[in-house]
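Consider the packing of this chain and a few points of its backbone. The sequence and the model come next, and the explanation follows.

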Amino acid sequence: MRSSTGAAVVAAVVVAAGCSGPAPSTGGATSSPASTSPASTSPAGAETRSPEALKGALLGAADVPAGWTVYAGQPTGTVTATSSVTAADPRCAGFLELVKDPPNPLPPNQVEVEFDGGDLKPPYVVESVEAYPSAAAAAAQHAKQQQDVASCAQVSYTVEGGTSPVNVSAESAPTLDVPASGIRLAAQGGGLSGYEARVVNAQVGDTLVSLTFLKATEDQRDALTKAAVAKVTKALATPAS
(Lines give C-alpha, C1' and ligand atoms only; values in the text may rest on other atoms or scores of the structure.)
Protein backbone atom coordinates (compact mmCIF):
# COMPACT_ATOMS: atom_id res chain seq x y z
CA MET A 1 0.00 0.00 0.00
CA ARG A 2 1.48 3.30 -0.95
CA SER A 3 -0.13 6.45 0.28
CA SER A 4 0.87 9.79 1.62
CA THR A 5 2.88 8.27 4.47
CA GLY A 6 5.78 6.75 2.56
CA ALA A 7 7.30 9.80 0.90
CA ALA A 8 7.90 11.63 4.15
CA VAL A 9 9.51 8.79 6.05
CA VAL A 10 12.22 8.11 3.50
CA ALA A 11 13.21 11.77 3.20
CA ALA A 12 13.16 12.23 6.95
CA VAL A 13 15.60 9.34 7.23
CA VAL A 14 17.93 10.99 4.74
CA VAL A 15 17.84 14.28 6.65
CA ALA A 16 18.55 12.47 9.91
CA ALA A 17 21.55 10.79 8.34
CA GLY A 18 22.98 14.18 7.46
CA CYS A 19 22.95 13.47 3.76
CA SER A 20 20.79 16.44 2.91
CA GLY A 21 18.46 19.04 4.29
CA PRO A 22 14.99 20.06 3.23
CA ALA A 23 14.97 22.07 0.06
CA PRO A 24 12.27 23.97 -1.77
CA SER A 25 10.22 21.66 -3.95
CA THR A 26 9.50 22.91 -7.43
CA GLY A 27 8.26 19.74 -9.03
CA GLY A 28 11.76 18.27 -9.32
CA ALA A 29 13.82 16.31 -6.82
CA THR A 30 13.43 17.14 -3.15
CA SER A 31 15.79 16.45 -0.28
CA SER A 32 13.49 17.23 2.59
CA PRO A 33 11.79 14.80 4.98
CA ALA A 34 9.31 12.55 3.27
CA SER A 35 5.91 11.88 4.74
CA THR A 36 4.86 8.61 6.29
CA SER A 37 1.46 8.55 4.79
CA PRO A 38 0.43 5.17 3.35
CA ALA A 39 0.98 4.39 -0.26
CA SER A 40 -1.93 5.03 -2.54
CA THR A 41 -4.25 2.13 -3.12
CA SER A 42 -7.16 3.98 -4.72
CA PRO A 43 -8.37 2.39 -7.98
CA ALA A 44 -7.34 4.25 -11.11
CA GLY A 45 -9.98 6.71 -12.18
CA ALA A 46 -11.69 6.62 -8.79
CA GLU A 47 -10.67 10.13 -7.75
CA THR A 48 -13.54 12.05 -6.22
CA ARG A 49 -11.63 15.28 -5.56
CA SER A 50 -9.81 17.42 -8.09
CA PRO A 51 -6.07 18.02 -7.62
CA GLU A 52 -6.80 21.74 -7.30
CA ALA A 53 -9.29 21.17 -4.49
CA LEU A 54 -6.86 18.88 -2.67
CA LYS A 55 -4.02 21.38 -2.96
CA GLY A 56 -6.30 24.04 -1.51
CA ALA A 57 -6.81 21.84 1.55
CA LEU A 58 -3.09 21.67 2.38
CA LEU A 59 -1.57 23.86 5.07
CA GLY A 60 -0.09 27.10 3.76
CA ALA A 61 2.01 29.98 5.05
CA ALA A 62 -0.96 31.49 6.89
CA ASP A 63 -1.53 28.23 8.78
CA VAL A 64 1.94 27.68 10.27
CA PRO A 65 3.89 29.67 12.89
CA ALA A 66 5.50 32.95 11.86
CA GLY A 67 8.98 32.45 10.47
CA TRP A 68 8.33 28.98 9.13
CA THR A 69 8.90 28.21 5.45
CA VAL A 70 6.38 26.44 3.24
CA TYR A 71 7.84 25.01 0.06
CA ALA A 72 5.74 25.55 -3.04
CA GLY A 73 5.23 22.72 -5.44
CA GLN A 74 4.41 19.08 -4.92
CA PRO A 75 7.17 16.94 -3.41
CA THR A 76 8.02 13.97 -5.58
CA GLY A 77 9.49 11.75 -2.88
CA THR A 78 12.86 11.76 -4.64
CA VAL A 79 15.84 12.31 -2.33
CA THR A 80 19.49 13.13 -2.91
CA ALA A 81 20.90 10.01 -1.26
CA THR A 82 20.44 6.34 -2.04
CA SER A 83 18.15 4.78 0.54
CA SER A 84 16.14 1.61 1.08
CA VAL A 85 13.98 -0.05 3.71
CA THR A 86 14.00 -3.81 4.34
CA ALA A 87 12.83 -6.25 7.00
CA ALA A 88 13.64 -9.85 7.87
CA ASP A 89 10.17 -10.48 9.29
CA PRO A 90 7.67 -11.36 6.51
CA ARG A 91 4.94 -9.78 8.63
CA CYS A 92 6.49 -6.41 7.76
CA ALA A 93 5.49 -6.69 4.09
CA GLY A 94 2.52 -4.36 4.52
CA PHE A 95 4.56 -1.78 6.39
CA LEU A 96 7.32 -1.87 3.76
CA GLU A 97 4.69 -1.12 1.14
CA LEU A 98 3.47 1.74 3.32
CA VAL A 99 6.84 3.51 3.45
CA LYS A 100 8.23 2.86 0.00
CA ASP A 101 9.05 5.74 -2.32
CA PRO A 102 5.94 7.27 -3.89
CA PRO A 103 5.37 7.39 -7.64
CA ASN A 104 6.74 10.40 -9.49
CA PRO A 105 4.61 12.34 -10.16
CA LEU A 106 2.09 11.61 -7.43
CA PRO A 107 -1.32 10.30 -8.55
CA PRO A 108 -4.03 12.95 -9.08
CA ASN A 109 -5.83 11.94 -5.86
CA GLN A 110 -2.82 12.75 -3.66
CA VAL A 111 -1.00 16.01 -2.84
CA GLU A 112 1.85 16.88 -0.47
CA VAL A 113 3.55 19.95 0.96
CA GLU A 114 6.72 20.39 3.00
CA PHE A 115 7.57 23.01 5.58
CA ASP A 116 10.18 23.68 8.22
CA GLY A 117 11.06 26.05 11.04
CA GLY A 118 12.66 28.52 8.62
CA ASP A 119 16.07 28.73 6.93
CA LEU A 120 16.08 24.93 6.46
CA LYS A 121 16.11 24.41 10.24
CA PRO A 122 13.93 22.01 12.26
CA PRO A 123 11.30 21.04 12.80
CA TYR A 124 10.69 19.40 9.44
CA VAL A 125 7.13 18.45 8.51
CA VAL A 126 5.49 16.85 5.49
CA GLU A 127 1.72 16.89 5.06
CA SER A 128 -0.13 14.69 2.60
CA VAL A 129 -3.80 14.57 1.70
CA GLU A 130 -5.17 11.64 -0.29
CA ALA A 131 -8.72 11.27 -1.56
CA TYR A 132 -10.58 7.95 -1.75
CA PRO A 133 -13.78 6.98 -3.58
CA SER A 134 -15.76 7.11 -0.32
CA ALA A 135 -15.46 7.61 3.43
CA ALA A 136 -15.74 3.83 3.81
CA ALA A 137 -12.75 3.30 1.50
CA ALA A 138 -10.71 5.85 3.45
CA ALA A 139 -11.65 4.17 6.73
CA ALA A 140 -10.63 0.77 5.37
CA GLN A 141 -7.23 2.10 4.30
CA HIS A 142 -6.70 3.73 7.70
CA ALA A 143 -7.52 0.45 9.41
CA LYS A 144 -5.08 -1.41 7.16
CA GLN A 145 -2.33 1.07 8.00
CA GLN A 146 -2.84 0.44 11.69
CA GLN A 147 -2.76 -3.32 11.14
CA ASP A 148 0.45 -3.06 9.10
CA VAL A 149 2.15 -1.02 11.83
CA ALA A 150 1.04 -3.44 14.56
CA SER A 151 2.43 -6.38 12.57
CA CYS A 152 5.94 -4.97 12.18
CA ALA A 153 8.30 -4.37 15.11
CA GLN A 154 11.51 -3.41 13.31
CA VAL A 155 12.88 -2.58 9.86
CA SER A 156 16.33 -1.71 8.54
CA TYR A 157 17.03 1.62 6.86
CA THR A 158 20.06 1.77 4.57
CA VAL A 159 21.29 5.22 3.56
CA GLU A 160 24.42 5.62 1.44
CA GLY A 161 25.57 2.12 2.35
CA GLY A 162 25.09 2.45 6.12
CA THR A 163 22.35 0.37 7.74
CA SER A 164 20.47 1.11 10.97
CA PRO A 165 17.76 -0.90 12.74
CA VAL A 166 14.63 1.21 13.25
CA ASN A 167 11.90 0.23 15.71
CA VAL A 168 8.30 0.62 14.53
CA SER A 169 5.53 1.23 17.05
CA ALA A 170 2.02 2.63 17.28
CA GLU A 171 1.40 5.62 19.51
CA SER A 172 -1.49 7.86 20.46
CA ALA A 173 -2.45 10.61 18.04
CA PRO A 174 -3.44 14.10 19.19
CA THR A 175 -7.05 14.32 20.37
CA LEU A 176 -9.21 14.99 17.32
CA ASP A 177 -12.86 14.82 16.33
CA VAL A 178 -12.01 12.30 13.59
CA PRO A 179 -10.42 8.81 13.66
CA ALA A 180 -6.65 9.16 13.99
CA SER A 181 -3.58 7.06 14.76
CA GLY A 182 0.10 7.64 15.41
CA ILE A 183 3.32 5.92 14.36
CA ARG A 184 6.78 6.30 15.89
CA LEU A 185 9.99 5.29 14.09
CA ALA A 186 13.12 5.27 16.27
CA ALA A 187 16.62 4.27 15.14
CA GLN A 188 18.53 1.88 17.36
CA GLY A 189 22.11 2.89 16.63
CA GLY A 190 24.07 2.89 13.40
CA GLY A 191 24.35 5.88 11.12
CA LEU A 192 20.85 7.03 12.01
CA SER A 193 21.45 7.01 15.76
CA GLY A 194 19.15 9.58 17.35
CA TYR A 195 16.72 9.58 14.44
CA GLU A 196 13.05 9.63 15.38
CA ALA A 197 10.10 10.35 13.11
CA ARG A 198 6.53 10.60 14.30
CA VAL A 199 3.56 10.25 11.98
CA VAL A 200 -0.09 11.12 12.47
CA ASN A 201 -2.71 9.69 10.10
CA ALA A 202 -6.29 10.93 10.30
CA GLN A 203 -9.39 10.00 8.34
CA VAL A 204 -11.38 13.09 7.41
CA GLY A 205 -14.44 11.97 5.47
CA ASP A 206 -13.30 10.49 2.15
CA THR A 207 -9.69 11.60 2.66
CA LEU A 208 -6.68 10.51 4.67
CA VAL A 209 -4.52 13.28 6.08
CA SER A 210 -0.97 12.36 7.06
CA LEU A 211 1.70 14.44 8.76
CA THR A 212 5.27 13.31 9.36
CA PHE A 213 7.29 15.18 11.98
CA LEU A 214 11.06 15.24 12.46
CA LYS A 215 12.54 17.12 15.43
CA ALA A 216 9.18 18.63 16.36
CA THR A 217 7.92 19.31 19.88
CA GLU A 218 4.75 17.76 21.26
CA ASP A 219 3.02 21.13 21.08
CA GLN A 220 4.02 21.58 17.43
CA ARG A 221 2.78 18.10 16.58
CA ASP A 222 -0.56 18.70 18.24
CA ALA A 223 -1.11 22.20 16.85
CA LEU A 224 -0.19 21.39 13.25
CA THR A 225 -2.20 18.18 13.22
CA LYS A 226 -5.30 19.99 14.45
CA ALA A 227 -4.75 22.82 11.97
CA ALA A 228 -4.36 20.35 9.08
CA VAL A 229 -7.51 18.41 9.96
CA ALA A 230 -9.49 21.63 10.42
CA LYS A 231 -8.37 22.97 7.05
CA VAL A 232 -9.20 19.77 5.17
CA THR A 233 -12.60 19.63 6.87
CA LYS A 234 -13.40 23.21 5.88
CA ALA A 235 -11.81 23.30 2.42
CA LEU A 236 -13.33 20.02 1.24
CA ALA A 237 -16.56 20.28 3.24
CA THR A 238 -16.01 16.75 4.45
CA PRO A 239 -18.77 15.12 6.50
CA ALA A 240 -18.02 13.58 9.88
CA SER A 241 -16.07 10.35 9.52
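This is a predicted model. Lys215 is a convenient place to begin: with a relative accessible area of 57%, Lys215 is exposed, because the cut-off for exposed is over 50%. Lys215 sits in the loop between S9 and H5, and its phi is positive, about 60°, although Lys215 is not a glycine. In general, most residues other than glycine have a negative phi.

Another positive phi occurs at Leu120, where the angle is near 60° in a residue that is again not glycine. Leu120 belongs to the loop between S3 and S4. Its relative accessible area of 41% makes Leu120 partly exposed, since that class covers the range between the 20% cut-off for buried and the 50% cut-off for exposed. The loop between S3 and S4 also holds Pro123. The peptide bond leading from Pro122 into Pro123 is cis, with omega near 5°. As a general matter, most peptide bonds are trans.

Pro123 leads on to the packing, as it is one of the residues touched by Phe115. Leaving aside residues up to four places away in sequence, Phe115 also touches Leu59, Val64, Trp68, Thr69, Val70, Tyr71, Tyr124, Val125, Glu127 and Leu224.

Where does Phe115 stand in the largest nonpolar core? This core has 25 residues, and Phe115 is among the members that touch the most other members, along with Val125, Val129, Val209, Leu211, Leu224 and Val232. At least two residues of the core come from each of strand S3 (110–116), strand S4 (124–131), strand S8 (196–204), strand S9 (207–214) and helix H5 (218–235). Helix H5 gives the largest share, four residues. A second core, separate from this one, has 19 residues, including Val155, Leu185, Val199 and Leu214. In soluble globular proteins, nonpolar side chains tend to be buried together.

Burial is not confined to nonpolar side chains here, as Asn201 counts as buried at 2% relative accessibility. Asn201 is part of strand S8. Which side chains does the side chain of Asn201 meet in polar contacts? One contact is with the side chain of Gln145, at 3.0 Å. The other partner is the side chain of Ser210, at 2.7 Å.

Definitions and conventions: Residues are numbered from 1 along each chain as its sequence is written. This is a predicted model: local features need pLDDT of at least 70, side-chain atom pairs count only at pLDDT 80 or more; totals for chains, interfaces and linings use all residues. Side-chain values use heavy atoms; hydrogens and water are left out. A nonpolar core is a set of buried Ala, Val, Leu, Ile, Met, Phe, Trp, Tyr and Cys residues joined through side-chain atoms within 4.5 Å. Buried means under 20% relative accessible area, exposed over 50%, partly exposed in between (1.4 Å probe, protein chains only). Contact means heavy atoms within 4.5 Å. A polar contact is a pair of N or O atoms within 3.5 Å; within protein, one must be able to donate a hydrogen and the other to accept it, and residues adjacent in sequence count only if both atoms are side-chain atoms.
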